[in-house]
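Here's a quick briefing on a two-chain model. Have a look at the structure first, then read on.

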Amino acid sequence: MLNRKILKNNRAQTSEAMIWIVATLVIIVLLGISIYAVSILSKKKTMNYEKEDVVQDIVLEESLFAYFLIQDSSVQEKVFESLEKMNQEEKFYEDFNSKFTQIKFNLEKNEKK
Amino acid sequence: MKIINKRGAEKILSIYWFTILIIIAGAVVTMVSLFYGAPYDARSAEANIMVNQISNCLSENGKLNQELFNENKNFNENFNLKEKCNLIFETEFKSERGEYFLEADFYNLNNDKIFSISEGNSNLYADCKVNPEEKYKKLSKCVERDFYSLNPFSDDDIFKIKIISVIRKTEKNVK
């Protein structure tokens, strides 16, 4: 009778110890995964100038100012084609069409004054 | 006898919890130091800012800077890009090779190169030809941008200007 009780108690203790061991392993594995994820994230810390919301594309503005100053329509057409190609290749950091309209509007407004 | 056994179990448990606490605290410290210890790679942003500075200096409201031309209205070979565009190439790293390279190439509408000016360490330009994959991130960062600008003496003479901006500064930006 006593032997049976001791055996049962031993089994209960073993299963309890197993739970603790598994719980510890789970904690260690989770921490390991977190450290690995952080080390990957830390390597990707870059400042993406193109993706910043506040970017003003001075290079695009210069091109558009030059475009509107051209007198010869054939030259103007060639430049526009090239600018559109650059836009399709996503070489500008600002929206080409809205900047085009904005600069055109401002230049016309200044001409009227 | 039973009471003594219970106390022993409690002691073991508290040692266990203390060990777990130390492991978790250590992991948190490791994660924070890993993340905040890694530098931000700001070279691409810096290269873009330099492109803006150069384009602003070479062209104003769509017309090229008159200082780019000599008395005969030809391109001025002695144009000092660094001085005229207020560029400072000094860094905290005292490398003799230089950490920056800037080039501005002028093309006509037929895509013929007419004129070129450059400043800095031209050896860095070789890095731009390598595929910029993750494993090559210790190479210099390059930014190439094109824009149009008119000849200040003629409204139909337009140039396509290609600006190449290269920055090394690997020690400060890449771990």
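Is H2(A) mostly covered or mostly open, and how many of its 12 residues are buried? Mostly covered: 10 of the 12 residues in H2(A) are buried. Keep in mind that this is a predicted model. The notes below start with that helix, move to its partner in chain B, and then look at the wider picture.

**Helix H2 of chain A**
- H2 of chain A covers residues 58-69, and at 1.5 Å a residue its 12 residues should span 16 Å; the end C-alpha atoms sit 17 Å apart, so the two values agree.
- The buried residues of H2(A) are A:Ile58, A:Val59, A:Leu60, A:Glu61, A:Glu62, A:Ser63, A:Leu64, A:Phe65, A:Ala66 and A:Tyr67.
- Cover for these buried residues comes from both chains: it includes helix H3 (73-88) and helix H4 (96-112) of chain A, along with H2, strand S1 (59-60), S5 and strand S6 (158-167) of chain B.

**Helix H2 of chain B and how the two helices meet**
- H2(B) has 16 residues, which at 1.5 Å each should span 22 Å, and its end C-alpha atoms are indeed 22 Å apart.
- Buried in H2(B) are B:Arg43, B:Ser44, B:Ala45, B:Ala47, B:Asn48, B:Val51, B:Asn52, B:Ile54, B:Ser55 and B:Leu58.
- H2(A) packs against H2(B) at an angle of about 25°, and the axes are 9 Å apart. That angle is under 35 degrees, so H2(A) is roughly parallel to H2(B).
- On the chain A side, A:Ile58, A:Val59 and A:Glu62 do the touching, and they meet B:Val51, B:Asn52, B:Ser55 and B:Asn56. By type, the residues of this helix-helix contact are three nonpolar, three polar and one charged.

**The whole A-B contact**
- Chain B puts 34 residues into the contact and chain A puts in 31.
- On the chain B side, the elements giving two or more residues are helix H1 (2-37), helix H2 (43-58) and strand S5 (141-150).
- Which of these gives the largest share? H1(B) does, with nine residues.
- Sorted by type, the chain B side has 18 nonpolar, 10 polar and six charged residues.

**Chain A overall**
- Chain A has four helices and zero strands, so to speak an α-α-α-α run from the N terminus on.
- Of the 113 residues in chain A, 13% count as buried.

**Domains**
- Chain A is split into domain 1 (1-45) and domain 2 (58-112). The C-alpha centres of these two domains of chain A lie 65 Å apart.
- Chain B is assigned domain 1 (1-38) and domain 2 (40-173), and their C-alpha centres are 57 Å apart.

**A glycine in a chain B loop**
- B:Gly98 sits in the loop between helix H3 (81-84) and strand S3 (100-107) of chain B.
- Why does B:Gly98 count as partly exposed? Because it has 17 other C-beta atoms within 10 Å, whereas a buried residue needs 20 or more and an exposed one has 12 or fewer.
- Setting aside neighbours within four places in sequence, B:Gly98 is in contact with B:Phe89, B:Gly120 and B:Asn121.
- B:Gly98 and B:Lys169 are 71 residues apart in sequence, yet 9.1 Å apart in space from C-alpha to C-alpha.

Note on methods:
Residues are numbered from 1 along each chain as its sequence is written. Chains are lettered from A and ligands numbered from 1 in the order in which they are written. This is a predicted model: local features need pLDDT of at least 70, side-chain atom pairs count only at pLDDT 80 or more; totals for chains, interfaces and linings use all residues. Domain bounds come from an automatic or database domain assignment. Two residues are in contact if their C-beta atoms, placed from the backbone, lie within 7 Å. Ala, Val, Leu, Ile, Met, Phe, Trp, Tyr, Cys and Pro count as nonpolar, Asp, Glu, Lys and Arg as charged, and the others, Gly among them, as polar. The expected span of a helix is 1.5 Å times one less than its number of residues. Axes are lines fitted to C-alpha atoms, for helices over the stretch in contact, and angles run from 0 to 180 degrees between N-to-C directions. Angles under 35 degrees count as roughly parallel, over 145 as roughly antiparallel, 65 to 115 as roughly perpendicular and the rest as oblique.
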